[in-house]
Amino acid sequence: MSNTARNRYSDLEIHGLEMSAHHPSGEIPVLHDITLNIPSAQVTAIVGESGSGKTMSMRGISGLLPGGGNFTVRGDVLYNGRHLAPGTNGADSETSPKFAMIFQDPKKVLNPGLRVGQHLTEVLRYASGFTGRDSRLQRIERAQEILGRVDLPTDRRFFRSFPHELSGGMQQRLVIACVVAGENDVLIADEAITALDSRTAARILDLFHDIAGNMGKTVVYISHDLKTVERIASHVAVLYAGYTVEYRNSRDFFSMPRHPYSRMLMESHPALRDRGRPLRIIPGEAVSPADPPPGCPFHPRCPRAQQTCREVLPQLIPDTGGAVRCHFPYPEKGNGEKDSTRKNSGAPGAGEQFNE
Ligand code: SF4
């Protein structure tokens with residue numbers, strides 16, 4: 001297990017999560033070392049390019065693995081300070097949380113033959129103990145209450161609608177309503193607003209914020225879009241090639257990212273780059289966790305890379321407000337030119353620009 005900042009107040013802690021896929025030719029690495037804290041009743045964002053391990057790390061800890069789970073998962077996962085076997089997903093109600101995932105396309109989840117009300121009352125029948133004949137009215141009342149919480153109509157007409165009669169935003173809200181009805185503890189939203197128009201997406205983001213802040217659920221928001229992450233996340237984890245490369249609170253992350261990859265992600269985002277500076281593209285291709293280069297997996301694309309980076313894998317080192325995996329990170333906020341790592345190493349200065 002790597003060095004990491006352990007936060008005893010975190011509800012969900014992941015330490016050194018590794019995963020490999022079984023294949024006739026052998027084990028194929030999927031994750032190498034995912035380490036992060038996911039606080040309760042807040043939104044934690046996981047960002048990174050495709051193949052970085054965003055989705056697979058959450059699938060690994062929850063057990064919601066594709067293809068029935070033809071994977072080996074190792075590492076420490078703690079929920080409220082108690083060890084949890086990765087992949088149990090509510091199997092032991094005393095220790096393991098219930099996870100639910102929300103994906104980009106709600107149509108793949110909703111049953112086209114079930115009405116809105118049936119979707120919710122069926123979930124409530126199994127999740128909330130409203131099972132007897134007398135409980136039918138309770139289920140309907142609870143379903144209407146949940147529809148209201150996710151900003152959907154509660155009238156009889158809407159209750160009897162079929163999914164195909166709803167807009168994409170309404171379908172996504174219905175999926176979220178089912179997750180709430182299922183009394184899940186951890187909601188994982190995987191690129192859940194990507195297919196929505198900007199206004200509808202903004203309302204869904206507000207809903208995630210409400211689910212965390214007012215309903216007390218833990219929300220993990222997986223996204224490519226740092227602008228939406230900045231809007232709702234309290235903490236940010238950046239993944240690259242199956243490693244956590246940076247984790248910190250959102251305010252510090254957006255004001256002073258320390259890992260070169262984090263900074264390049266921001267500089268390449270049209271809405272986040274510094275005003276007046278040209279939009280920059282991250283050079284090269286993302287590295288696959290299955291075949292990382294020796295040393296730091298980011299070194300082929302990194303403008304700060306030194307010989308050490310090509311030979312030695314950096315560890316995730318705790319710092320103020322989070323942790324970073326880099327031999328030559330940018331200085332901590334307020335530390336400016338006093339950054340000892342950079343001074344001693346001869347690494348590029350904090351003001352350098354990438355891809356130049
Ligand atoms: S360890 Fe080296 S190559 Fe890797 S991100 Fe840091 S400076 Fe760049």
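Select residues 337–356: pLDDT, the predictor's confidence in each residue from 0 to 100, stays under 50 here. The model has 26 contacts beyond four places in sequence for this stretch, a contact being two residues whose C-beta atoms, placed from the backbone, lie within 7 Å. Residues are numbered from 1 along each chain as its sequence is written. This is a predicted model, in which local features need pLDDT of at least 70 and side-chain atom pairs count only at pLDDT 80 or more, while totals for chains, interfaces and linings use all residues.

Now show the whole protein. Its pLDDT averages 84, and 83% of the residues score at least 70. Over residues 1–10 the pLDDT is below 50, and this stretch has 26 contacts beyond near neighbours in sequence. Eleven helices and twelve strands make up the secondary structure; helices (H or I, at least four residues) and strands (E, at least two) are DSSP runs, numbered from the N terminus. Of the 356 residues, 42% are buried, meaning that 20 or more other C-beta atoms, placed from the backbone, lie within 10 Å of a residue's own (exposed is 12 or fewer, partly exposed in between).

Next, select helix H9, residues 260–267. Seven of its eight residues are buried, so H9 is largely enclosed by the rest of the structure. The buried ones are Pro260, Tyr261, Ser262, Arg263, Met264, Leu265 and Glu267. Their cover includes strands E3 (43–47), E9 (235–240) and E10 (243–249), and helix H7 (226–232).

Keep Pro260 selected and add the ligand. Pro260 is one of the residues surrounding the ligand, along with Cys296, Phe298, His299, Cys302, Arg304, Ala305, Cys309, Pro314, Cys326, His327 and Phe328; a residue is near a molecule if its C-beta atom, placed from the backbone, lies within 6 Å of it. This shell has nine nonpolar, two polar and one charged residues. Ala, Val, Leu, Ile, Met, Phe, Trp, Tyr, Cys and Pro count as nonpolar, Asp, Glu, Lys and Arg as charged, and the others, Gly among them, as polar.

Move to helices H5 (168–181) and H6 (198–213). They pack at an angle of about 10°, with axes 10 Å apart. H5 and H6 are therefore roughly parallel, the term for angles under 35 degrees. Gly169, Gln172, Arg173, Ile176 and Val180 of H5 meet Thr200, Arg203, Ile204, Leu207 and Ile211 of H6.

Last, select Pro97, in the loop between strands E5 (82–84) and E6 (99–102). Pro97 counts as buried because it has 22 C-beta neighbours inside 10 Å. Add Asn184: its C-alpha atom is 7.4 Å from that of Pro97, though the two are 87 residues apart along the chain.

Definitions and conventions:
Axes fitted to C-alpha atoms, helices over the stretch in contact; angles between N-to-C directions. Parallel < 35°, antiparallel > 145°, perpendicular 65-115°, else oblique.
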